[in-house]
Amino acid sequence: MVLGSTGSIGTQALDVVERASGRFRVAALAAGGGRVDLLAGQAARFGVEAVAVADAAAVPALREALAARGARPRILAGPEGVAELAALPCDMVLNGITGALGLTSTLAALEAGRVLALANKESLIVGGPLVKRLAAPGQLLPVDSEHSALAQCLWAAGPSGADARAVRRLVVTASGGPFRGRHRAELGDVTPEMALNHPTWNMGPVITVNSATLVNKGLEVIEAHLLFDIGFDRIDVVVHPQSVIHSMVEFTDGSTVAQASPPDMRLPISLALGFPERVPGAASAVDWTAAHTWTFEPLDDEAFPAVALARHVGAQGGTAPAVYNAANEVCVEAFLKGGLPFLGIMDTVERVVAEHAPGPASSVEEVLAADAWARTRAAELTG
């Protein structure tokens, strides 16, 4: 099943399914509720047994849209309905929901024993101890292009790749976003339109702004730490504007293994869906008949402090990552509505993090309480 089916990851996942010519069957779909016509069309096209919308108020419109297409799947509503859907019988759940909303669905899928293809990095970051405690070996598959690349590099290394002692460092690449090369003083007049103009990837607005601030990369550093059990001091970020090398692993003998492919999320999606096999024709390969120039640059932590702050909250652990993520989501929304300057996003997130005293993240209630506090405080600072 696909959670977040009307978003960027979800629509590309369904494209992979269609192009795989009967290899996969979609059992159920879930979405936020803002694009009921698209969700109804997907449900009818794939003949799903159930659909869920996080916004319960969208159910009447969804029911009408489904009926117009002759589709009558079971309908579940509200965040609890999406979580209930995630636990229904299937072989794999692809969680492509954006933001902390995906946590309950991640936990529900893992508790039900489903293999989880995780594109919703936020659920792992905010509920790290909860997710790791539930996930059995091999039950959690990364969908983010960087973490899929890291996993592929480790697999390619053979037996040594499975031994963390043989890994010197993980190298996560970043496109640098639309403001690569700018100094902090040059970011004061950034508008939402400018931030949404990503040079490489076509993503939703929240993820695109996160890429512009490099919050997305900060979250990925925490995710890499949790997925691969590598310390923060052994996870580097380098700017690679061509976005062809998606990440690298440097081993203790001096060898570095990299994964390369043109920027296309259908590749890591297909790898997760078909694991442990690859899906032929899922995406285009590098054209080796053409000349290429790939460059790598150090990250400017002064202009883009998001990664350094993410390392800090990741090392603190507990509820600190949840506060970082929640404050950022509120700040991004305020920025997109014109109520907060671009530089104010990270300035506000840093202030909220500084005011928070991290506690344990041993229960959903503790995580959600920290998330709610951070949202309230960030709203106060941006209101």
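In this predicted model, helix α5 holds a run of buried residues: Leu-103, Ser-105, Thr-106, Leu-107, Ala-108, Ala-109 and Leu-110. Helix α5 spans residues 103-111, and seven of its nine residues are buried, so the rest of the structure largely encloses it. Buried here stands for a relative accessible area under 20%. Just after α5, Gly-113 adopts a positive phi of about 85°.

**The five-stranded sheet**

Five strands form an open sheet with mixed pairing. The strand order is β11-β10-β8-β9-β12. Which strands stand at the edges? They are β11 (256-260) and β12 (297-298). Each has a single partner strand, so one side of each lacks a neighbour in the sheet. Strands of a sheet pair through backbone hydrogen bonds, either parallel or antiparallel.

Strand β10 covers residues 245-251 and runs antiparallel to β8, residues 167-174. Five bridges join β8 and β10. Val-167 has Phe-251 as its bridge partner in β10. Leu-170 is bridged to Val-249 of β10. Strand β10 is mostly covered, with seven of its seven residues buried.

On to the next pairing. β10 and β11 are antiparallel too, joined by five bridges. Glu-250 has Thr-256 of β11 as its bridge partner. The hairpin of β10 and β11 has four residues between the strands. In this hairpin, Gly-254 takes a positive phi near 100°.

A helix packs on the sheet as well. Helix α11 (residues 215-228) lies across β8 and β9 (235-239). Its direction is about 150° to β8.

**Helix α1 against helix α12**

How do the axes of α1 and α12 cross, and at roughly what angle? They come within 9 Å and cross at roughly 65°. The crossing of α1 past α12 is right-handed. On the α1 side, the contact involves Ile-9, Gln-12, Ala-13, Asp-15, Val-16, Val-17 and Arg-19. On the α12 side (residues 266-274), the contact involves Arg-266, Ile-269, Ser-270 and Leu-273. These contact residues divide into six nonpolar, two polar and three charged. An α-helix has 3.6 residues a turn, so residues three or four places apart point the same way.

**Annotated positions**

UniProt, in an unreviewed entry, places the feature "binding site" at Thr-6, Gly-7, Ser-8, Ile-9, Gly-32, Asn-120, Glu-122 and Gly-204. Ser-8 sits in helix α1, which covers residues 8-19. Gly-204 sits in the loop between α9 (192-195) and α10 (205-213). Are Ser-8 and Gly-204 buried or partly exposed? Ser-8 is partly exposed, with a relative accessible area of 27%. Gly-204 is partly exposed, at 26%. Ile-9 is listed in the "binding site" feature and also takes part in the contact of α1 with α12.

UniProt also lists two domains, both from an unreviewed entry. Residues 1-128 carry "domain: 1-deoxy-D-xylulose 5-phosphate reductoisomerase N-terminal". Residues 261-376 carry "domain: DXP reductoisomerase C-terminal". The table gives the make-up of each span.

| Span | Distance between end C-alpha atoms | Helix | Strand |
|---|---|---|---|
| Residues 1-128 | 23 Å | 45% helix | 17% strand |
| Residues 261-376 | 41 Å | 55% helix | 2% strand |

Key: Residues numbered from 1 in each chain as written. Predicted model: local features only at pLDDT ≥ 70, side-chain atom pairs only at ≥ 80, totals over all residues. Heavy atoms only, no water. Pairing = 2+ DSSP bridges. Contact = heavy atoms within 4.5 Å. Axes fitted to C-alpha atoms, helices over the stretch in contact; angles between N-to-C directions. UniProt positions renumbered as here; feature names shortened; annotations may be inferred. Buried < 20%, exposed > 50% of the residue type's maximum accessible area, 1.4 Å probe, protein only. Left-handed = near helix turned anticlockwise from the far one by under 90°. Nonpolar A, V, L, I, M, F, W, Y, C, P; charged D, E, K, R; others polar.
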